[in-house]
Amino acid sequence: MSYQVLARKWRPRTFHELVGQEHVQRALVNALDQGRLHHAYLFTGTRGVGKTTLARILAKCLNCTANGQGDAGVTSTPCGECDSCRSIDEGRFVDLIEVDAASRTKVEDTRELLDNVQYAPTQGRYKVYLIDEVHMLSTSSFNALLKTLEEPPPHVKFLLATTDPQKLPPTVLSRCLQFTLKHMPPERIVGHLAKVLEAEGVPFEESALWLLGKAAEGSMRDAMSLTDQAIAFGQGEVHHADVAAMLGTLDHRHVLALVDALAAVDAPRLLAEVAALAEQGPDFAAVLDDITGVLHRLAIAQMVPDAVDNGHGDREALLQLAARFTAEDIQLYYQIGIQGRGDMEHAPDLRTALEMTLLRMLAFRPQGVPRPAQTPLPLRGQGDPGGAGSGGETPPQGGSVPEGNPSSRSPQAPSEARQAPDETPAASPPPTAPPAPTAEAVSPPSPDDVPPPWVEREENGAEASAPVASRGEPEPGMAAPSASPDPGTPVPPVTRMVPEAASAGAQAPDAPAATEGRFGHADWLACFDSLGLGGLTRNLAAHCVIEADDGELLTLRLDPSQEAMQAEVHETRIREALAAIGVERRLALEPGAMPPEVETPRQQADRLAAQRHAEAIEALSRDPHVQKLQQAFGARLIESTVKPADAEARG
């Protein structure tokens with residue numbers, strides 16, 4: 001007996017053997033069991049997903065005689081043994097008329113086909129017309145089919161199949177029950193191929209089946225055909241290397257090597273890998289697609305490690321790579337890769353486009369070109385609840401410059417940081433103070449203008465008579481007022497912190513106060529602006545409260561809504577900024593429920609901004625000029641447009 005290809009040999013014979021398409025299977029089985037049969041069915045979907053197979057199974061269900069000859073014999077589980085079932089399987093059933101509409105598009109062909117509709121079936125219970133690629137019929141053919149399609153004789157069923165339902169006239173669509181068949185996911189294809197090859201006794205590697213499943217692009221028939229080809233190519237076996245050579249796909253190890261070079265921020269190595277790839281003559285556009293695909297899997301590995309598939313057998317390698325990127329880097333690289341893919345058609349050649357896209361990823365890294373992230377990004381769902389691991393105790397070794405004044409973060413900064421700037425609090429009025437300097441000299445400071453809560457003690461124990469600096473209220477996301485010292489200016493380290501009595505009244509009610517030699521939440525609120533943080537790091541720190549300080553470890557409680565932004569690079573910047581003002585501690589950033597009675601710097605800034613806005617509205621409402629405008633012209637004050645007088649300076 002001649003060899004029968006796998007796609008035909010393993011074609012499903014019943015609904016229960018069908019792989020995938022459960023939504024169509026359920027609808028048809030229920031209709032058959034309940035006797036609610038339509039006279040016309042339309043099956044749509046891409047090639048090789050089972051349209052014709054479903055139609056033939058339905059034809060067997062309509063004509064199976066195992067349960068009797070009458071209409072009661074219609075079943076959803078054809079026996080496969082009666083004459084009708086065997087004839088349909090072998091393609092010789094007289095009352096199953098299969099028509100290829102692509103080769104019979106003329107109206108004369110359709111009329112000839114419909115001439116025999118009125119006659120009763122010869123062998124079976126129903127006369128079934130299976131019209132494949134029905135969208136290829138001409139307009140005249142559709143018009144000739146319409147009347148019969150709407151009101152066929154009771155012994156006739158129409159089964160239509162098409163890959164392009166948009167080309168069918170609405171008059172035809174309205175006369176049919178339409179079922180759209182889905183693409184087969186690679187997981188389903190790989191599982192079915194493994195079952196088939198085990199039954200056929202063909203040795204195989206699972207990674208090779210993933211290559212076949214992805215190359216099939218959702219078509220089970222294409223997957224079976226490619227498997228036949230792979231068996232012949234591999235001399236009776238299916239191996240990863242053979243399938244990759246047969247399909248002409250790129251070795252996945254080269255893609256991982258490129259991503260590894262991105263993680264190391266090694267531009268020479270990156271170009272060397274591209275040069276090695278060029279010797280194999282690959283499709284460079286496909287290489288960039290594979291790189292963006294790996295970046296997508298890395299993002300999943302960081303957030304939901306258990307969701308990473310092992311399609312290439314590289315799950316462990318991906319988890320290790322994910323720990324070497326920050327979340328910002330991966331998102332940026334992915335976006336650059338997607339944009340670079342669209343720019344390839346305008347490039348001089350594809351290799352140049354690939355190299356420029358990869359170099360662009362390094363050039364636009366958030367931390368600059370030369371260095372990778374110093375501490376691995378914790379994998380979400382693994383490690384400690386805060387996701388910080390033990391990296392908080394390890395300072396970066398590359399001397400990367402965080403946001404703020406670079407001189408205050410560099411290794412040479414300690415000697416400079418101990419030189420206090422020339423600050424004169426009496427000569428630097430707060431932004432909200434009256435313009436007359438004499439008024440400020442005699443009036444007590446308002447709660448909105450309280451200086452930092454500590455003073456510097458000399459070695460002999462005597463307190464300095466003036467606070468370190470006079471500042472306005474901390475405003476996360478805003479620059480310090482012009483009258484205040486530059487946030488990037490180094491502040492002298494404090495050998496011993498003592499909160500001033502005046503600062504206690506300026507904080508939120510029941511806020512934790514600093515104890516002797518400890519850094520409390522009141523200190524955190526007061527010195528927040530002087531830390532010199534910016535960007536994402538400032539936003540993250542603005543949603544933290546001081547939970548505990550034992551003199552060595554400073555614990556910050558992070559708002560759970562900001563947990564996704566947590567990264568070791570931000571913790572390092574916060575720790576260095578605190579050390580620059582004399583608070584040298586190990587840092588632990590732990591997400592968790594925020595105490596309701598304590599304000600974060602962001603909440604404090606929002607509250608103070610709301611107070612200033614309300615005061616500005618009240619001042620405008622009392623202004624005699626505004627009142628005259630309201631009385632004379634019926635004007636009204638649009639409160640959303642009101643800005644406090646100091647908003648520009650603070651912004």
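Of the 651 residues of the chain, 46% count as buried in this predicted model. The chain holds 26 helices and eight strands. When contacts between residues at least 6 apart in sequence are considered, 74% of them join residues at least 24 apart.

Strand 1 offers an example of such a contact pattern at the level of a single residue. Ala40 belongs to strand 1, which spans residues 40-44. With a relative accessibility of 0%, Ala40 counts as buried. Leaving out residues up to four places away in sequence, Ala40 touches Leu149, Phe158, Arg175, Cys176 and Leu177. Ala40 and Glu151 are 111 residues apart in sequence, yet their C-alpha atoms are 9.8 Å apart in space.

Helix 5 covers residues 107-114, and its buried residues are Val107, Thr110, Leu113 and Leu114. Viewed down the axis of helix 5, these buried residues fall within an arc of 120°, so they line one face of the helix. An α-helix has 3.6 residues a turn, so residues three or four places apart point the same way. The buried residues of helix 5 pack against four elements: strand 2 (96-100), strand 3 (127-132), helix 6 (139-150) and strand 4 (156-162).

Helix 9 takes part in two helix pairs that are described here. In the pair with helix 8 (residues 186-200), the two helices pack at an angle of about 125°, with their axes 9 Å apart. Helix 8 and helix 9 are therefore oblique to each other, and helix 8 passes helix 9 in a right-handed crossing. On the side of helix 8, the residues that meet helix 9 are Pro186, Glu187, Ile189, Val190, Leu193, Ala194 and Leu197. Their partners in helix 9 are Leu209, Trp210, Leu212, Gly213 and Lys214. By class, this contact of helix 8 with helix 9 comprises nine nonpolar, one polar and two charged residues.

In the other pair, the axes of helix 9 (residues 206-215) and helix 11 (residues 240-247) come within 7 Å and cross at roughly 25°. That angle makes helix 9 roughly parallel to helix 11. The crossing of helix 9 past helix 11 is left-handed. Helix 9 contributes Ser207, Ala208, Leu211, Leu212 and Ala215 to the contact, while helix 11 contributes His240, Val243, Ala244, Met246 and Leu247. Eight of the residues in the contact of helix 9 with helix 11 are nonpolar, two are polar and none is charged. Leu212 of helix 9 appears both in the contact with helix 8 and in the contact with helix 11.

A further helix pair is formed by helix 14 (residues 284-303) and helix 15, whose axes come within 9 Å and cross at roughly 75°. Helix 14 and helix 15 are therefore roughly perpendicular to each other. The contact involves Val294, Arg297, Leu298, Ala301 and Gln302 of helix 14, together with Leu318, Leu319, Leu321 and Ala322 of helix 15. Seven residues of this contact of helix 14 with helix 15 are nonpolar, one is polar and one is charged. Ala323 lies in the loop between helix 15 (315-322) and helix 16 (327-343). The relative accessible area of Ala323 is 17%, and the residue is buried. Gln302, one of the residues of helix 14 in the contact with helix 15, is 21 residues away from Ala323 in sequence and 7.4 Å away in space, C-alpha to C-alpha.

Several other loop residues were also examined. Gln21 is situated in the loop between helix 1 (6-9) and helix 2 (22-34). Although Gln21 is not a glycine, it has a positive phi of about 60°. Gln21 is buried, and its relative accessible area is 4%. A positive phi, of about 50°, is also found at Glu133, which is likewise not a glycine. Glu133 is located in the loop between strand 3 and helix 6. Gly68 occupies a position in the loop between helix 3 (51-63) and helix 4 (83-90). With a relative accessible area of 26%, Gly68 is partly exposed. Apart from its neighbours within four places in sequence, Gly68 is in contact with Gly73 and Arg125.

Methods:
Residues numbered from 1 in each chain as written. Predicted model: local features only at pLDDT ≥ 70, side-chain atom pairs only at ≥ 80, totals over all residues. Heavy atoms only, no water. Buried < 20%, exposed > 50% of the residue type's maximum accessible area, 1.4 Å probe, protein only. Arc of directions from axis to C-beta. Contact = heavy atoms within 4.5 Å. Axes fitted to C-alpha atoms, helices over the stretch in contact; angles between N-to-C directions. Parallel < 35°, antiparallel > 145°, perpendicular 65-115°, else oblique. Left-handed = near helix turned anticlockwise from the far one by under 90°. Nonpolar A, V, L, I, M, F, W, Y, C, P; charged D, E, K, R; others polar.
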